[in-house]
Amino acid sequence: YEPPTKEALKSQRESIRRIRDSKAKLTAIRQYEQSQFDAEKEKHSQLIGQLKAAEARNRLRLMRIRYENNREAEMNHLIACQPTSLRAIRLQTLVPPRTKATQFDDILDKLERVRVENIIEDDRELTIKRELTRAI
């Protein structure tokens, strides 16, 4: 048996190095592709989550509307079934078929709002703390 020559050993090492490099490149490419795939998968799952949430909100909205319509129809039926018109009017006044949405109007004008905001933002209470002195 003869040991391999220096050239043969050198070419063997070179081929082993090339194989390792190509494996490293291949694993790097696969990891990059996997990270891209994971990012796309994350975006997709986030989009699916948003769509599911929107569908749930829509289902709740439709259920609320259906409930309000059923309640209104039942109240109208109860009002219509009253024996006298006086009782019907009384029931309609006490229990309206559709509740009215209350709107809260702004009771402060611009100047009052500025004053209130200044009082709220005053940490040292300079605008509201007063020292009463007695005049001689």
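**Exercises on a three-helix model**

The protein's secondary structure amounts to three helices and zero strands (DSSP runs, numbered from the N terminus: helices are H or I with at least four residues, strands are E with at least two). This is a predicted model: local features need pLDDT of at least 70, side-chain atom pairs count only at pLDDT 80 or more, and totals for chains, interfaces and linings use all residues. Residues are numbered from 1 along each chain as its sequence is written, and side-chain values use heavy atoms, with hydrogens and water left out.

**Exercise 1.** Decide whether the protein is a compact globule or more spread out.

*Solution.* Step one: take the radius of gyration over C-alpha atoms; the globule rule is 2.2 Å times the number of residues to the power 0.38. Step two: compare. The radius is 40 Å, well over the 14 Å that the rule gives for 136 residues, so the protein is more spread out than a compact globule. Step three: check the box. Along the principal axes, the C-alpha atoms fill roughly 120 × 80 × 25 Å.

**Exercise 2.** Find the burial state of Asp122 and its nearest side chain of opposite charge.

*Solution.* Step one: locate Asp122 in the segment after α3 (110-121). Step two: classify. Asp122 is buried (under 20% relative accessible area; exposed is over 50%, partly exposed in between; 1.4 Å probe, protein chains only). Step three: look for a partner. Arg124 is the nearest side chain of opposite charge, 5.6 Å away, and Asp122 has no salt bridge (a side-chain nitrogen of Lys or Arg within 4 Å of a carboxyl oxygen of Asp or Glu; Lys and Arg count as positive, Asp and Glu as negative, with His and the chain ends not counted).
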